[in-house]
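Let's take a walk through a protein together, starting with the big picture and then zooming in. Have a look at the sequence and the fold before reading on.

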Amino acid sequence: MCTLEKRGSIFILTLTGLDEHRLNPPLLDSIQSALHRVRSESNSSSTALITTAHGKFFSNGYDLAWAKAADTNPRLKLMASKLRSLVADLISLPVPTIAAVTGHASAAGCILALSHDYVLMRKDRGFLYMSEMDIGLRVPAWFVAVIRSKIGSPAARREVLLRAAKLTAVAAEGMGVVEAVEGGAEETVVAAVRLGEELVGRRWDGQVYGQIRMAVFADLVSAVRFDEEKDSDADKVASRL
């Protein structure tokens, strides 16, 4: 699951345990509950949020084994809906957000990392990896919207989405995907705290910060709010009329 602690003016959300931090409903609900606490406690003072994880993985994406355990696909739809809601909360959160990526971040786990304002990675382990091409899954339009909003170069987006490149920290920094590269897990979190304290020191109005972020990423906000499954169902109904 996850824990949330506050160190001075910085919230640190940690995905706990040594597993792959697969994004199933219990974990997504736990993270979203932590974000609600950050939102409720950030009204009176300037603060920032750091998201990190224990173990080899930041997150290895959706819990596909859990999804495939059912005879039909509502479980995958449920995970997608919950992740969209979580990312919407991150985009509207009235504090700067930093992902301290201390392990592999794959597929939906990569999307979770990129949904933060800043991404820091450890140099000695881990990669950002959109695995959908390799495992034969369609990339949702809102995933692409996250990639487009956070990766400026068309060539870099091609590498990430159409070649399923596994980006090391150094490669990701060279593409402008990550803010900084650090030596190991501890150094990455320390650097994230240092960046968070620098941002908190600006004493910005959190509500203004959140509103400006949503304006900057207006296309992403629209994409996250758009339910592809409902729209598809509506189209099917309309085609039969």
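How many helices and strands does the protein have? There are 12 helices and 10 strands. Keep in mind that this is a predicted model, so everything here describes a prediction.

Let's begin with overall size. Lined up along its principal axes, the protein has C-alpha atoms that fill a box of roughly 60 × 40 × 35 Å. Is that a spread-out chain or a compact one? For 241 residues, a compact globule would have a radius of gyration near 18 Å, and the protein has 17 Å, so the two agree. As for what's tucked away, 51% of the 241 residues count as buried.

Now zoom in on strand 2, which covers residues 10-15. How many of its residues are buried? The count is 6 of the 6, so strand 2 is largely enclosed by the rest of the structure. Its side chains go two ways: Ile10, Ile12 and Thr14 point to one side, while Phe11, Leu13 and Leu15 point to the other. Whichever way they point, all of them are buried.

Who are the neighbors of strand 2? One is strand 1, residues 2-7, which pairs with strand 2 in the antiparallel sense over 6 bridges. As an example, glutamate 5 has isoleucine 12 in strand 2 as its bridge partner. Strands 1 and 2 form a hairpin, with 2 residues between them. Look for glycine 8 in that turn: its phi is positive, at about 65 degrees.

Another neighbor is strand 3, residues 48-53. Strands 2 and 3 run parallel, and 6 bridges join them. Here you can find leucine 15 with its bridge partner in strand 3, alanine 53.

Next, the greasy inside. The largest nonpolar core has 58 residues. Leu13, which you met in strand 2, is among those with the most contacts inside this core, along with Leu23, Leu49, Leu83, Leu114, Leu128 and Trp142. Apart from that core lies another one, of 15 residues, including Leu120, Ala191, Val193 and Leu195.

Finally, let's come out to the surface. Which residues make a nonpolar surface patch of about 270 Å²? They are Val208, Ile212 and Val216. Valine 216 sits in helix 10, which spans residues 206-216. Is valine 216 buried or exposed? Its relative accessible area is 58%, and a residue counts as exposed over 50%, so valine 216 is exposed.

Definitions and conventions:
Residues are numbered from 1 along each chain as its sequence is written. This is a predicted model: local features need pLDDT of at least 70, side-chain atom pairs count only at pLDDT 80 or more; totals for chains, interfaces and linings use all residues. Side-chain values use heavy atoms; hydrogens and water are left out. Buried means under 20% relative accessible area, exposed over 50%, partly exposed in between (1.4 Å probe, protein chains only). Helices (H or I, at least four residues) and strands (E, at least two) are DSSP runs, numbered from the N terminus. Two strands pair if DSSP finds at least two bridges between them. Patches are made of residues with over 30% relative accessible area and no salt bridge: like charges are joined within 9 Å, nonpolar side chains (Val, Leu, Ile, Met, Phe, Trp, Tyr) within 5 Å. Accessible areas come from the Shrake-Rupley method with a 1.4 Å probe; for residues, only the protein chains shown count as cover. A salt bridge is a side-chain nitrogen of Lys or Arg within 4 Å of a carboxyl oxygen of Asp or Glu. A nonpolar core is a set of buried Ala, Val, Leu, Ile, Met, Phe, Trp, Tyr and Cys residues joined through side-chain atoms within 4.5 Å. The radius of gyration is taken over C-alpha atoms; the globule rule is 2.2 Å times the number of residues to the power 0.38.
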